[in-house]
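Have a look at the protein below and turn it around for a moment. We will then walk through it together, one part at a time.

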Amino acid sequence: MSDINGKWQVQRRRKGASRSLKSLQMSLTHCNEPLDVGKTLKRIIETVDEMRCEGFWKVWKEQMLAAVLLNQKDREVSSGQLQESLDPKISPLECVCYGLGTFSSCVSARYQLAIMLLLLDAAKIPLKDCLVFDPAFSSGEKDVLRELGLTVLTDNEEGKRQATKPTLFYLMHCGKALYNNLLWKNWSPKCLPLVVIIGNSFSGIRERMIEREFKRDYSYISQAVTVCEERQLTCPSHLTDVFSDTALMTFNSSKLNTLNLSTWTQPPEPQYQHCSDLEIIQSHSTLKPLQFA
């Protein structure tokens with residue numbers, strides 16, 4: 001969405017679509033425009049208050065907390081450390097957010113940021129333990145995120161971050177390669193149970209792709225979709241463009257153990273040589289200024 005003549009205009013995005021490389025390049029052309037940090041912070045706070053009153057947010061919160069707690073119990077059972085308690089508590093989580101978008105000018109991105117802030121509060125994740133990155137962030141937006149207390153990553157990890165503790169990955173409308181990279185980096189029975197993903201439904205991705213290409217280009221998603229616990233996260237019709245096709249994915253140890261042992265042996269790093277539109281900006285990419293006729 002963009003602010004035109006003082007009115008917010010909605011830009012429609014097809015269901016489940018991620019931002020293309022071209023749209024990211026266009027965002028980067030505005031990186032040096034000055035940003036009113038105070039005004040942007042005020043907008044974010046107002047959006048958080050708006051989202052807090054939405055009924056769907058309360059459902060999201062309950063589903064997330066229940067899923068995280070079940071995942072924690074599963075890890076405790078698999079490690080033989082389950083402790084019965086009348087008041088179970090969620091172990092401390094970390095949060096990683098990729099691909100949020102230019103929230104200073106895009107209302108969709110600001111809604112998504114607001115929901116993330118509410119999720120952090122609900123899961124009692126300290127703001128400093130939320131790591132954020134998007135190559136489209138302007139310097140002003142990075143300042144806003146730091147003012148909020150979040151940790152802004154400096155390197156483009158392309159999603160290749162290994163979870164060393166229970167981690168919520170908030171990946172709204174990100175490219176398929178980013179999900180695939182994240183799964184590859186955590187492709188082990190030890191790491192995957194630590195991963196909680198809120199983002200595009202894996203089953204939705206499979207439905208929209210040719211099966212042969214899906215298995216060839218995004219092999220880790222194609223394997224994960226058969227063993228992950230996927231919970232659809234609903235949203236009201238007036239926010240469909242913002243939160244469409246969103247699901248919460250966790251990995252149960254018992255399901256992971258149904259995969260052949262060879263699945264985990266030296267998993268090859270994804271290459272994407274057959275993908276013409278990768279939907280993410282790679283760390284080695286050199287972005288050239290766009291030329292318009």
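How many bridges join strand 4 to strand 5? There are 2 bridges between strand 5 and strand 4, which covers residues 130-133, and the two strands run parallel. One pair to look for is Val132, which stands opposite Val152 in strand 5.

## The whole protein

Before going further, please keep in mind that this is a predicted model. The protein has 293 residues, and 52% of them are buried. Its chain forms 11 helices and 9 strands.

Parts that lie far along the chain from one another also meet in this protein. Among contacts with a separation of 6 or more, 76% are between residues 24 or more positions apart.

## The sheet

Now find the sheet. It is an open sheet of 7 strands, in the order 5-4-3-6-7-9-8, and its pairing is mixed. Strand 5 (151-152) and strand 8 (228-232) stand at the edges; each has a single partner strand, so one side of each has no neighbour in the sheet. Helix 3, made of residues 55-79, packs on the sheet and touches strand 6 (167-171), strand 7 (195-200), strand 8 and strand 9 (246-251). The direction of helix 3 makes about 10° with that of strand 9.

Next, follow the pairings inward from strand 4. Strand 3 pairs with strand 4 in the parallel sense over 4 bridges, and here Val96 stands opposite Leu131 in strand 4. Strand 3 is also joined to strand 6 by 4 bridges, again with the two running parallel. In this pairing, Glu94 has Thr167 of strand 6 as its bridge partner. Strand 3 (residues 94-98) is mostly covered, with 4 of its 5 residues buried.

## Strand 7 and Asn200

Is strand 7 largely enclosed or left open? Of its 6 residues, 6 are buried, so strand 7 is largely enclosed by the rest of the structure. Strand 6 runs parallel to strand 7, and 5 bridges join them. Leu168, for example, has Val196 in strand 7 as its bridge partner.

Asn200 is also part of strand 7. With a relative accessible area of 3%, Asn200 is under the 20% limit, so it counts as buried. Where does its side chain reach? The side chain of Asn200 comes to 3.1 Å from the backbone nitrogen of His173.

## His173 and its surroundings

Let us stay with His173. This residue sits in the loop between strand 6 and helix 6 (176-185), and it is buried, with a relative accessible area of 2%. Most residues other than glycine have a negative phi. His173, however, has a positive phi of about 55° although it is not a glycine.

Phe243, in helix 10 (residues 240-243), is 70 residues from His173 in sequence, yet their C-alpha atoms are 8.3 Å apart in space. At 1% relative accessibility, Phe243 counts as buried. Leaving aside neighbours within four places in sequence, its contacts include Met51, Trp60, Tyr111, Tyr170 and His173.

Just along the chain is Asp245, in the loop between helix 10 and strand 9. Asp245 is another residue other than glycine with a positive phi, near 60°. It counts as buried too, at 12% relative accessibility.

## Empty space inside

Rolling a probe the size of a water molecule over the atoms shows where empty space is left. A search of the whole structure finds 2 cavities of 30 Å³ or more. The second largest cavity has a volume of about 40 Å³.

Which element gives the largest share of the lining of this second largest cavity? That share, 4 residues, comes from helix 3. Among the lining residues are Val68, Asn71, Gln72 and Arg75, along with Ile90, Leu93 and Val196. You have met Val196 before, as the bridge partner of Leu168.

## One last stop

Finally, look for Ile281 in the segment after helix 11 (253-256). Ile281 is buried, with a relative accessible area of 8%. Its C-alpha atom is separated by 9.6 Å from that of Leu178, although the two residues are 103 residues apart along the chain.

Key. Residues numbered from 1 in each chain as written. Predicted model: local features only at pLDDT ≥ 70, side-chain atom pairs only at ≥ 80, totals over all residues. Heavy atoms only, no water. Pairing = 2+ DSSP bridges. Contact = heavy atoms within 4.5 Å. Axes fitted to C-alpha atoms, helices over the stretch in contact; angles between N-to-C directions. Buried < 20%, exposed > 50% of the residue type's maximum accessible area, 1.4 Å probe, protein only. Polar contact = N/O pair within 3.5 Å; in protein donor to acceptor, adjacent residues only side chain to side chain. 1 Å grid on protein atoms, 1.4 Å probe; cavity = no way out; pocket = protein on both sides within 12 Å on 5 of 7 lines; lining within 4 Å. Points joined across faces, edges and corners; volume = space filled by probe spheres on them.
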